[in-house]
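Trainee: Could you take me through one part of this model up close? I'd like to look at the biggest pocket, and then at whatever surrounds it.

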Amino acid sequence: MTERNWTELAEYITVGASFVGAIATFVTKEVMLTATPLTLALTLNILNRQKQVKLMINNIKCLNKINYIFLTKIIKHFFKIIK
């Protein structure tokens, strides 16, 4: 299991705070109690998605290198058999 970074944990915390803020907004009529945690959650979500995209791109590059090496070996082996 991978270790979560602080931005992922903070994202979940701010989503939870949004629910608490929604209840507090209903009671106090202060919209900022809901808007602030939601804004933070969305910002953290964007940061986390950018990190995730970078990781996926890196993984794809690594897999492409592995595929290239593997296919090169198969082709070399194939031509050895043909000779």
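Mentor: Sure, let's start with the pocket itself: the largest one has a volume of about 170 Å³. Bear in mind that this is a predicted model. The residues lining that pocket are Asn 5, Glu 8, Asn 48, Arg 49, Lys 51, Gln 52 and Leu 55. Helix α2 supplies the largest share of the lining, with 5 residues. If you sort the lining by class, you get 3 charged, 3 polar and 1 nonpolar residue.

Now for the helices. The two to keep in mind are α1, spanning 6–28, and α2, spanning 32–82. Their axes come within 7 Å of each other and cross at roughly 160°. Anything over 145 degrees counts as roughly antiparallel, so α1 and α2 are roughly antiparallel to each other. As for handedness, α1 passes α2 in a left-handed crossing. The class make-up of the contact between α1 and α2 is 11 nonpolar, 9 polar and 4 charged residues.

What links the two helices? Between α1 and α2 there is a loop, and Lys 29 sits in that loop. Have a look at the backbone there: Lys 29 has a phi near 65°, which is a positive value in a residue other than glycine. The relative accessible area of Lys 29 is 61%, and the cut-off for exposed is over 50%, so Lys 29 counts as exposed.

Let's move on to α2 and pick out a few positions. Thr 43 is part of this helix, and with 42% relative accessibility Thr 43 is classed as partly exposed. Try putting a distance on it: Thr 43 and Thr 7 are 36 residues apart in sequence, yet their C-alpha atoms are 9.8 Å apart in space.

Next comes Ile 74, also placed in α2. Its relative accessible area is 40%, so Ile 74 is partly exposed. For a distance here, use Trp 6 as the partner: Ile 74 and Trp 6 are 68 residues apart along the chain, and 43 Å separates their C-alpha atoms.

Last stop is Ile 81, another residue of helix α2. Ile 81 has a relative accessible area of 60%, so this isoleucine is exposed. Measuring from C-alpha to C-alpha in the viewer, you should find Ile 81 and Asn 58 35 Å apart in space, with their positions 23 residues apart in sequence numbering.

To pull the picture together, go back to the pocket with the helices in mind: α2 gives 5 residues to its lining, among them Asn 48 and Leu 55. The α2 helix also runs roughly antiparallel to α1, and the loop that holds Lys 29 lies between the two.

Key: Residues numbered from 1 in each chain as written. Predicted model: local features only at pLDDT ≥ 70, side-chain atom pairs only at ≥ 80, totals over all residues. Heavy atoms only, no water. Helix = DSSP H or I, 4+ residues; strand = E, 2+ residues; numbered from the N terminus. Buried < 20%, exposed > 50% of the residue type's maximum accessible area, 1.4 Å probe, protein only. 1 Å grid on protein atoms, 1.4 Å probe; cavity = no way out; pocket = protein on both sides within 12 Å on 5 of 7 lines; lining within 4 Å. Points joined across faces, edges and corners; volume = space filled by probe spheres on them. Nonpolar A, V, L, I, M, F, W, Y, C, P; charged D, E, K, R; others polar. Axes fitted to C-alpha atoms, helices over the stretch in contact; angles between N-to-C directions. Parallel < 35°, antiparallel > 145°, perpendicular 65-115°, else oblique. Left-handed = near helix turned anticlockwise from the far one by under 90°.
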